[in-house]
Amino acid sequence: MNMTKFLRLVVVLFSVMTTEVFAQSSQKCGEGQCCGNTTPTLKDAYQKYWYTGVSVNQWQVKADETGANIHDVTGQVSNDQTADWPIIVKNFNWVVAENCMKCEVIHPQEGVYDFTLADQFVDKAKAAGLKVQGHCLIWHSQCAPWFHFDEKGNLVSPEVLKKRMREHIFTIVNHFKGRIDAWDVVNEAFEDDGSPRKSLFYQILGTDYIPLAFQYAHEADPTIQLFYNDFSMNKATKVEGVANFFRPLIQQGLPITAIGMQGHMILEDNVDNSVIKQYEHAIETIASVGVPTFFSELDLSALPNPYGFSGANISDKFSYRPEMDPYKDGLTKEQEEKVGQFWVDFYKMLIPHHKDILRVNFWCLNDADSWRNDFPIKGRTDYATLFDRQSQIKPFVQRLIELVSPQPTETKKTKKSKK
C-alpha cells in the first residue's frame with residue numbers, strides 16, 4: 001500500500017470512529033436530541049420539511065501541515081479546522097465542497113485530473129453517513145484556462161468543446177459514482193436580467209451547452225440527482241428568465257432534478273421584508289416549471305451594501321473603506337437582533353412551501369471561514385453564517401428550531417391550601 005492510500009485509509013477510519021461516537025451518543029440521549037437537552041438540531045427539527053446542508057472547506061477535512069497561508073479569508077487563524085468536523089456531522093445531513101471540485105482544481109490541464117482534495121472530502125463525508133453534492137461540473141468562472149482554447153490561443157470549435165465537456169463530465173462523474181448523491185451540473189449561466197450569460201461556453205455553443213451538460217451527466221450516471229444553480233434568483237427577471245428557459249426543456253424530458261437558488265443575501269436590502277418576499281415569488285416560479293427548488297448557498301451579510309450591490313459574481317469587487325466595515329469588534333445588540341429576526345422571518349416564509357424545497361444549504365460553517373468577509377469588499381469582518389468565529393451556534397438558531405419544534409412549557413405546580 002502506498003503512502004497516499006494509507007493516509008486516505010486513516011482519514012476514513014477516523015471518520016468512522018467519530019461517526020460511531022455520535023451514533024452511540026444519539027442512542028443514549030434519544031433520537032434527534034442532545035444530552036441534557038430535549039432540543040433537536042436544525043437538521044433534526046426540519047427532517048420532515050427538507051434536508052439541511054453546509055459547504056465544507058478542505059481544512060475542515062484535513063489539516064494543512066505545510067503552514068502555507070493559502071486560505072486568505074478574514075478571521076481564519078489556522079489551516080487546521082478539523083475540530084469543525086464533528087460539528088458538521090452533528091448539525092447537517094448534506095455537505096458540498098466549497099472549492100475542491102471546481103474545474104481549475106480538479107481538471108487543471110487537458111488530460112490531467114487531480115482528485116486528491118475531492119477524494120479526501122468525499123471519503124470523510126461518506127464515512128460519516130453524510131449525503132454529498134458535487135459542485136460543480138460546468139461553470140464559466142474558476143474554469144481551467146485551457147478549456148476553451150486551442151494550442152494557438154483561438155477559441156475551439158463547437159465540436160471540440162462538446163468533446164471536452166463530455167470527457168470532463170464523464171471522467172469526474174464516473175470517478176465518484178456510488179459516492180456522490182447529486183451534482184451541480186451547470187452553474188450561473190444567466191444574467192440578472194434573465195438573458196443568457198455571454199460566457200465562453202455560450203460564445204462557442206450558444207445555450208446548447210446547458211442541456212448538453214445535463215445529457216452527459218445523466219448518461220454518465222443515471223442514478224444521481226442533477227441540479228442547475230444560480231445567484232440573484234430573488235430578482236423576478238432572473239428567476240423568470242431561468243424558468244422560461246428550462247420549462248420547455250423539462251417538458252421535453254431534460255434530466256434535471258431541481259433548480260437551485262444560492263441566496264447570498266444582504267440584511268440592508270431587506271426593507272419591509274422585500275428580499276424574503278422576492279424569494280417566495282422565486283420558489284413559486286420554479287415550482288410552476290415542474291421541478292422543486294432548494295437553497296444551495298445561503299448566507300446573510302450584516303454589513304453595509306456598497307453602492308446598492310447585489311449578486312454573487314466573484315469578479316465584482318469594491319475597494320475597502322472603514323465606514324463599510326463597522327463591526328470589526330462584533331455586532332451591536334441591535335444588529336444581532338435584526339439578523340436573528342431576518343432568519344426567523346425567512347424560515348416562516350419557507351415552511352408553507354416545504355413541499356417545493358428539497359434542501360436548505362448554508363454556505364460556510366462559521367463566520368471566520370465565510371467568503372462574505374472578502375466579498376464584495378476584501379478584508380471586512382462579517383457575520384453571515386449560523387456559527388460564530390469560535391464555531392459556537394448562534395442563539396437565533398434555537399428560534400428557528402422552535403418554529404416547528406416548540407419547547408414544552410413547564411406546568412407550574414401550586415400547593416393546595418390547608419383547610
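How do the residues of the lining of the largest cavity divide into nonpolar, polar and charged? Keep that in mind as we walk through this predicted model; the first stop gives the reply.

**Stop 1: the largest cavity**

Select Val 96, Gln 133, His 135, Asp 184, Phe 294, Ser 296, Glu 297, Arg 359, Asn 361 and Trp 363, which line the largest cavity. They divide into three nonpolar, four polar and three charged residues. The space they surround has a volume of about 40 Å³. Now colour by secondary structure: strand 3 (131-139), strand 8 (293-301) and strand 9 (357-362) are the elements that give two or more residues to this lining. Strand 8 gives the most, with three.

**Stop 2: a cis peptide bond in strand 3**

Stay with His 135, one of the lining residues you have just selected, and show the backbone towards Cys 136. A cis peptide bond joins His 135 and Cys 136, and its omega is about -5 degrees. Cys 136 has its place in strand 3. This is worth a pause, since most peptide bonds are trans.

**Stop 3: the second largest cavity**

The structure holds two cavities of 30 Å³ or more, so let us visit the other one. The second largest cavity has a volume of about 30 Å³. To see its lining, select Ile 138, Trp 139, His 140, Val 186, Asn 187, Glu 188, Ala 189, Ser 199, Phe 201 and Tyr 209. Strand 3 turns up again here: strand 3 and strand 4 (182-187) each supply at least two residues of this lining. Its residues divide into six nonpolar, three polar and one charged.

**Stop 4: helix 7 against helix 9**

Tyr 209, part of the lining of the second largest cavity, leads us on to helix 9, which spans residues 209-220. Show it together with helix 7 (residues 158-175): the two axes come within 9 Å and cross at roughly 35 degrees. Helix 7 passes helix 9 in a right-handed crossing. On the helix 7 side, highlight Lys 162, Met 165, Arg 166, Ile 169, Phe 170, Val 173 and Asn 174. Their partners on helix 9 are Tyr 209, Leu 212, Ala 213, Tyr 216, Ala 217, Glu 219 and Ala 220. The residues of this contact divide into 10 nonpolar, one polar and three charged.

**Stop 5: helix 9 against helix 10**

Keep helix 9 on screen and add helix 10 (residues 236-251). These two pack at an angle of about 45 degrees, with their axes 11 Å apart. Helix 9 and helix 10 are therefore oblique to each other. Helix 9 passes helix 10 in a right-handed crossing. Select Ile 210, Pro 211 and Phe 214 of helix 9, then Phe 245, Phe 246 and Leu 249 of helix 10, to see the residues that make the contact. They divide into six nonpolar, no polar and no charged.

**Stop 6: two backbone details in loops**

Go next to Asn 273, in the loop between strand 7 (264-266) and helix 11 (274-287). Its phi is near 60 degrees, a positive value in a residue other than glycine. Most residues other than glycine have a negative phi.

Finish at Pro 376, in the loop between strand 9 and helix 13 (396-404). Which form does the peptide bond from Phe 375 to Pro 376 take, cis or trans? This bond is cis, with omega near 0 degrees.

Methods: Residues are numbered from 1 along each chain as its sequence is written. This is a predicted model: local features need pLDDT of at least 70, side-chain atom pairs count only at pLDDT 80 or more; totals for chains, interfaces and linings use all residues. Side-chain values use heavy atoms; hydrogens and water are left out. Axes are lines fitted to C-alpha atoms, for helices over the stretch in contact, and angles run from 0 to 180 degrees between N-to-C directions. Helices (H or I, at least four residues) and strands (E, at least two) are DSSP runs, numbered from the N terminus. Angles under 35 degrees count as roughly parallel, over 145 as roughly antiparallel, 65 to 115 as roughly perpendicular and the rest as oblique. A crossing is left-handed if the near helix is turned anticlockwise from the far one by less than a right angle, and right-handed if clockwise. Contact means heavy atoms within 4.5 Å. Ala, Val, Leu, Ile, Met, Phe, Trp, Tyr, Cys and Pro count as nonpolar, Asp, Glu, Lys and Arg as charged, and the others, Gly among them, as polar. On a 1 Å grid over the protein atoms alone, a cavity is a set of points where a 1.4 Å probe fits but cannot get out, and a pocket is an open set with protein on both sides within 12 Å along at least five of seven lines; lining residues have an atom within 4 Å of a point. Grid points are joined across faces, edges and corners, and a volume is the space filled by probe spheres set on the points.
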